[in-house]
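Here are my notes for you as a newcomer to this structure. Have the model open while you go through the points.

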Amino acid sequence: MNNIKDYNLEELKQELISIGEKPFRAEQIFKWIYQDNVTSFDEMTNLSLELREKLKQNYSLCIFNILRKQESSDGTIKYLFDVLDGNAIETVLMKYHHGYSLCVSTQIGCKMGCKFCASTGIAFARNLTSGEIVEELLAVERDQNIKISNVVYMGIGEPLDNYDNVVNSIRIINNPKGINIGARHISVSTSGLVPNIYRLAEENIQCTLSISLHATNNEKRSSMMPVNNRYPIEELIKACKDYIAKTNRRISFEYALAKDNNDNLEDAKGLVKLLKGMLCHVNLIPINKIENGAFDKSSNENIIKFRDYLNEHGIVATIRRELGSDIDAACGQLRRKNL
Ligand code: SAH
């Protein structure tokens, strides 16, 4: 049965026309699903009984079951959801003073093979559909009785390797008649799939693009991230410049600092040279050590020195606050789960 959450508003209108209904019904259904967050078609009381029945027969509402919920001492909550086909995914809710931020997964497993990330190493199962990505958010809102204000596509998976579903989910999350989260409160993170960075620049969505950079020369970056063999740094930076020119949006570069690997002065200098003059921001992440991982966390002192060097040389850099590491919910700690 088709998941009704897989359709954006335009598609749902077409879908309703195809079953002999008026397109404005799509807006009513959208409101029930995304604003009232109902879990059954029976609750859609401004639709006729006949239409509700038709919807029940043709579509599912894809309501995830919560398999596990872990709460960190800092308030971060990690959910394990049963995605209804024998697989499970993780989603992380973070509480900030400005509101709730949700880190969503986009794939069951990941193909990118980054050496420092726990999502690597377990076989890739499949892409999540756009409706499943959106349901991650709705399921957390139902469970906590909250409204989420920021969404980051930084969970398991490579968002730009599941391009169409990710873009569709952003349209639903961003639509004022859908979940209604402003594009500036949505961030998509990529390991650097260059052709899809060019595509995203053309979508007319004002979301923030984050690039997982982690090194400034090809040899080092390739040793950490195999994707760099396909799309080396020069091509990646060229695509980023195109994204900035087309969208006028600042790019966020993520740089996870690993001791004696990419955290010395030469690396900081390389970063300044690479990013000088670009409309961007650097997010420094103390690397989280994963099981059997080759990389150790850089010292606090070193991380601060690295940040200060960047700031003193014209690159805006901040250190990302670590959340949820005691429940394996921090950057790079999410893994694919089997039921
Ligand atoms: N595939 C996308 C989305 C994952 S986002 C991407 O690569 O951008 C998760 C972020 O956490 C990425 O910047 C990723 O590089 C970073 N990350 C992965 N493993 C990490 C680790 N062990 N410590 C710190 N950051 C890590």
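Which strand does Leu80 lie in? Start there, and then work towards the ligand.

1. Leu80 belongs to strand β4, which covers residues 77-82; strands here are DSSP runs (E, at least two residues) and helices are runs of H or I with at least four, both numbered from the N terminus. Keep in mind that this is a predicted model, where local features need pLDDT of at least 70, side-chain atom pairs count only at pLDDT 80 or more, and totals for chains, interfaces and linings use all residues. Residues are numbered from 1 along each chain as its sequence is written, and side-chain values use heavy atoms, with hydrogens and water left out.

2. Leu80 counts as buried because its relative accessibility is 12% (buried is under 20% relative accessible area, exposed over 50%, partly exposed in between, with a 1.4 Å probe and protein chains only). Going by C-alpha atoms, Leu80 sits 9.7 Å from Phe64, and 16 residues separate the two in sequence.

3. Next, the largest nonpolar core (buried Ala, Val, Leu, Ile, Met, Phe, Trp, Tyr and Cys residues joined through side-chain atoms within 4.5 Å). It has 103 residues, and Ile4, Tyr153, Phe253, Val282 and Leu310 touch the most other members. Helix α9, residues 233-247, gives the most to this core, with 7 residues. Domain 1 (2-60) and domain 2 (65-327) each supply at least three residues to this core; those bounds come from an automatic or database domain assignment.

4. Now look at Glu254, in strand β12 (residues 251-257). Glu254 is buried, since its relative accessible area is just 4%. Its side chain makes polar contacts (N or O pairs within 3.5 Å; within protein, one atom must be able to donate a hydrogen and the other to accept it, and residues adjacent in sequence count only through side-chain atoms on both sides). One joins Glu254 to the side chain of Ser212 at 3.5 Å, and another reaches the side chain of Arg320 at 3.1 Å.

5. Glu254 also leads you to the ligand: a ligand oxygen is 3.1 Å from an N or O atom in the Glu254 side chain. A ligand nitrogen lies 3.1 Å from an N or O atom in the side chain of Glu158, and a ligand nitrogen is 2.7 Å from a polar backbone atom of Asn288. Alone, the ligand exposes 530 Å², and the protein buries 95% of that (Shrake-Rupley areas, 1.4 Å probe).

6. Finally, the ligand's surroundings: 18 residues, with Phe116, Ser189, Ser212, His214 and Asn288 the closest (a heavy atom within 4 Å qualifies).
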